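Trainee: I would like to learn how to read contacts in a structure like this one. Please take me through the features one by one.

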2 protein chains.
Amino acid sequence: MEKIDLLVSAPHFFTMKGDGVGYCPNSAMAVDRGKILAIGPREEILNLYRANRTIDAEGQAVLPGFIDAHMHMTLCGLRGLAQDTGYWMMYGLAPFSHQMDEATGIMGAQLAVAEAVRAGTTTFGEFGRRPDLLIPFFEKVGVRTQITVTIREAVDRIYNPGELYEFDPARGERMLDACLDIFTRFNGAAEGRITVLFGPQGPDFVSRELLLRIQELARERKAKIHMHTQQGDRETAQMMMRYDKRPIAWLDEINYLDENLIAVHLTDADDHEAQLVARRGAAMTLCSGSIGIIDGVVPPAKAFQEAGGMVALGSDQAPGNNNHNMINEMKLTALFNKIRYQDPEVMPAWRVLRMATIEGARALGLDKRIGSLEADKQADFILVDLRRPSLAPIYTEPMRNIVPNLVYSGRGDEVSLVVVDGRIIYENGRLIHLDESEVVSAVQAAAERLGPKAAEEFWEVNGTNARFMKEGKL
Amino acid sequence: MEKIDLLVSAPHFFTMKGDGVGYCPNSAMAVDRGKILAIGPREEILNLYRANRTIDAEGQAVLPGFIDAHMHMTLCGLRGLAQDTGYWMMYGLAPFSHQMDEATGIMGAQLAVAEAVRAGTTTFGEFGRRPDLLIPFFEKVGVRTQITVTIREAVDRIYNPGELYEFDPARGERMLDACLDIFTRFNGAAEGRITVLFGPQGPDFVSRELLLRIQELARERKAKIHMHTQQGDRETAQMMMRYDKRPIAWLDEINYLDENLIAVHLTDADDHEAQLVARRGAAMTLCSGSIGIIDGVVPPAKAFQEAGGMVALGSDQAPGNNNHNMINEMKLTALFNKIRYQDPEVMPAWRVLRMATIEGARALGLDKRIGSLEADKQADFILVDLRRPSLAPIYTEPMRNIVPNLVYSGRGDEVSLVVVDGRIIYENGRLIHLDESEVVSAVQAAAERLGPKAAEEFWEVNGTNARFMKEGKL
């Protein structure tokens, strides 16, 4: 019998097949050349295959790896600098982000990956101006990525309230060219582990003409558009000034709401607007932690789902949300929605687990390859140790509490193994292809250089955290 | 020079002195016979003392241990069985809690302690009928506890909507006697690590007469009363039926709202009611995770604090909240309140850290002994490793991001050392006086016995989770 790469057997598999969590007890999974060959009853699979490595995951659960659909990983070196403040970007982030350079961004992304893999993320949806610069690192560590290249026509400068963004068509063209170039070079690369999306930054940042060109070019390439959409009052104010329409209404008018669009945030959208986006076939990415902490808002994902839309989850960025931990993101999604609707039945644990796996994969157009554990899909999966005090005890009769325990009690450190494309990238508390302490040291050194340079603007802006510092509150 | 027990030096101390976080860089703390002797500049303290053990906590922060003010630890063996359902207690918990026995409760409490210590809890506020049964275990593990003995006059049976609870005065007397007995035997025991509170279960469960007797007996003993107060519509309905008053208004009428009362939950209280409780001098315990998940409600802690009241945090119980992790509790408190008020400036990180330490200690009447790191207080403290990917990088200039990182990004596993009364109870990932895997195995075995016994009622009640099981959603 020819040997395959990997066999995993465990008492609990959550395959996410069907419309629930696709639970299979006492099963085994055969993996070869990056793909799942078969999943089935333990004895049957173990009799059929011999593998170079066989993992008997006693006391553990097997799940698809988590999909983090929307991240700005390069900001991870600015963790914790912009919370507890109104006008997050201006009063919190700006003094620090103004001092960022490319090298600090790359180090930050490495930290984000180290953190996120430890909590089970296997697919990383990075949104940024030069996500291609991160690709060598992604390849080295072995994660799956869906990168979005920012296209922005608005000039970067400080705008007064009531002032319309100034568009620079030449800039928009340059950024579109860069996006096309990155798409051509990397979409489908690394055995398909890399996909590339078109990223107009938002309907307020790009002119109608350029938005429509992006749409046409993306369609030709069968690529999706990933765009911040109705992400807050600043965007809505710009759109009202420029077009006398709210963002979603205007996007509908130009036929931008379709199955090619992944609309991120919808912070400012009401239920009807969210439902319109869903009915038009677009997907939504929900960043619960980030929008909760930055804006105190719970976006209308429930309404979006009720209209038939697919919702993915994203951890956004560390200076806002403060972390890249998909278990945290699932939990906050469930709890925030219960609070928004004052109803404990809203967004049950299994639903948010689907959003972090198969529903997320559908939203991003990746469900042919990932999101569930099924024969012929890529072998992206994690093991979760259910014997950790935070997840114990396990009931299987009369109900299984494994999914609620993972979502509502998981911290992240219960993830014991992470596999992408059949290759183990994390095991026994260590990333296989990354020296974490080296990454932490490098980011720390960068922070110690960046902080003093940000000081002048930090004190001048005099935001909430500056006041807290003066008062000894931090 | 005589040797003291312990010296700890670290780059970051958060003493919680003053009205912020009492930050002291590059400091050391001298500990002897359970108490803090001195905290000061590192070199100064290290020159003054020699110790049997000296810890140089490079890259770490020292904080007071966390105070979990309100727990039902004995339910920890029922983790994850009652989420995502309306009428939590009836449709979720009842089929399982009806099968609980004393031994399972004690095992559950052991699991809760193992879980909570790992995330930095040093003081455990257990509320239950026989918390004295847990004392040998608390003593063995070395944690500090404040136990509350339940006093309930209402007969335990199922009541129809609109039906007034039936009081059994003899039962009330028996439970009060048990409380007095436990108070006499244990209050101040274990070198002061144990305190005992009087626990009328709620104004709906105990008659006016008995409530007033409890008040008198508690006052004579300088003990506080710890009571579920306006914890939801069931309680309010009972009080309206019996007295034609909402709970807080009625408690004010009988002069129950005073500095002796710790009012738990206030789920159902509006801002004015909460402020009345605070103005009368009572304290509040806020269980953000539990009330959020069970009721979809954010209790009025902000209003309570604005009226001058002290608020402690509690993790409540694992079948509801699902975990006993105070970092989680701090985070949810901050985020839920930002959402309730749609204002990111509400409940900043440093504020919730104070609630888990010094403000919590004040609320519980324990601030003479614990809650901050100051000379003459008991040495209850934790070390947090700031080099973990989830907490890195650290900025000290122009702002310190350590507290936001801990609150918004901490998972729990960054806690590297836990000390109570100067004795190390957790180090290097292990509880010193507890075999965790033994505890997990025992609770797991109990769960496997309990589950099948609960099956009949579980399917009969046919709650949300029963439906989810039938549909393959769990």
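**Reading the contacts**

Mentor: Start with the charged pairs: by the rule used here, there are 68 salt bridges over all chains. Keep in mind that this is a predicted model.

Trainee: What is the general idea behind a salt bridge?

Mentor: Side chains of opposite charge can pair when their charged atoms come close. Now a case. Arg42(A) and Glu43(A) meet through their side chains in a salt bridge, 3.7 Å from N to O.

Trainee: Are Arg42(A) and Glu43(A) buried, partly exposed or exposed?

Mentor: Arg42(A) is partly exposed, because its relative accessible area is 26%. Glu43(A) counts as exposed, because its relative accessibility is 52%. The cut-off for exposed is over 50%.

Trainee: Which residue forms a salt bridge with Arg33(B)?

Mentor: Asp32(B) does, with the closest N and O atoms 3.3 Å apart. Read the accessibility of each partner separately. Arg33(B) is exposed at 67% relative accessible area. Asp32(B) counts as buried, because its relative accessibility is 13% and the cut-off for buried is under 20%.

Trainee: Where do the partners of the Asp380(B) and Arg144(B) salt bridge lie along the chain?

Mentor: In distant parts of chain B, 236 residues apart. Asp380(B) sits in the loop between helix 15 (358-364) and strand 14 (381-385) of chain B. Arg144(B) belongs to strand 8 (residues 144-151) of chain B. Their side chains meet at 2.6 Å, N to O. Asp380(B) counts as buried, because its relative accessibility is 5%. Arg144(B) is buried too, with a relative accessible area of 3%.

Trainee: Which residues do shared salt-bridge partners join into one network?

Mentor: In chain A, the network holds Glu139(A), Arg144(A), Glu191(A), Arg193(A), Asp380(A), Asp421(A) and Arg423(A).

Trainee: Now the interface. How do I express its size?

Mentor: The size of an interface is often given as the accessible area lost when the parts come together. Here chain A and chain B bury about 7200 Å² between them, and 62% of that is on carbon and sulfur atoms. Pro398(A), Arg411(A) and Leu474(A) supply 11% of the area that chain A buries against chain B, more than any other three residues.

Trainee: How many residues does the contact take from each chain?

Mentor: It takes 88 residues from chain A and 88 residues from chain B.

Trainee: How many residue pairs are in polar contact across the interface?

Mentor: The rule finds 39 such pairs between chain A and chain B, with both residues at pLDDT 80 or more.

Trainee: Which helix of chain A gives the most to the side that touches chain B?

Mentor: Helix 16 of chain A, with twelve residues. By class, the side of chain A that touches chain B has 45 nonpolar, 25 polar and 18 charged residues.

Trainee: How many salt bridges are there between chain A and chain B?

Mentor: Two. One of the interchain pairs is Lys338(B) with Asp84(A), whose closest N and O atoms are 2.7 Å apart.

Trainee: Where is Asp84(A) placed?

Mentor: In the loop between strand 6 (66-71) and helix 2 (88-97) of chain A. Asp84(A) is buried, because its relative accessible area is 2%. The side chain of Asp84(A) also reaches the backbone nitrogen of Ala349(B), at 2.9 Å. Leaving aside neighbours within four places in sequence, the contacts of Asp84(A) include Thr464(A), Phe468(A), Pro344(B), Met347(B) and Tyr408(B).

Trainee: Let us take a residue on the other chain. Where is Gln444(B)?

Mentor: Gln444(B) is in helix 17 (residues 436-461) of chain B. The side chains of Gln444(B) and Glu448(B) make a polar contact of 2.8 Å. Not counting residues up to four places away in sequence, Gln444(B) touches Pro393(A) and Ile394(A).

Trainee: Last item, the cysteines. How many disulfides are there over all chains?

Mentor: Zero. Cys76(A) is in no disulfide, and the nearest cysteine sulfur, that of Cys287(A), is 15 Å away. The cut-off for a disulfide is 2.5 Å between the sulfur atoms. Cys76(A) is buried, with a relative accessible area of 0%. In chain B, Cys76(B) is likewise in no disulfide, with the sulfur of Cys287(B) the nearest at 15 Å. Cys76(B) is buried at 0% relative accessible area.

Conventions
Residues numbered from 1 in each chain as written. Chains lettered and ligands numbered in written order. Predicted model: local features only at pLDDT ≥ 70, side-chain atom pairs only at ≥ 80, totals over all residues. Heavy atoms only, no water. Buried < 20%, exposed > 50% of the residue type's maximum accessible area, 1.4 Å probe, protein only. Contact = heavy atoms within 4.5 Å. Buried area = accessible area lost by both parts, 1.4 Å probe. Salt bridge = Lys/Arg side-chain N within 4 Å of Asp/Glu carboxyl O. Polar contact = N/O pair within 3.5 Å; in protein donor to acceptor, adjacent residues only side chain to side chain. Helix = DSSP H or I, 4+ residues; strand = E, 2+ residues; numbered from the N terminus. Nonpolar A, V, L, I, M, F, W, Y, C, P; charged D, E, K, R; others polar.
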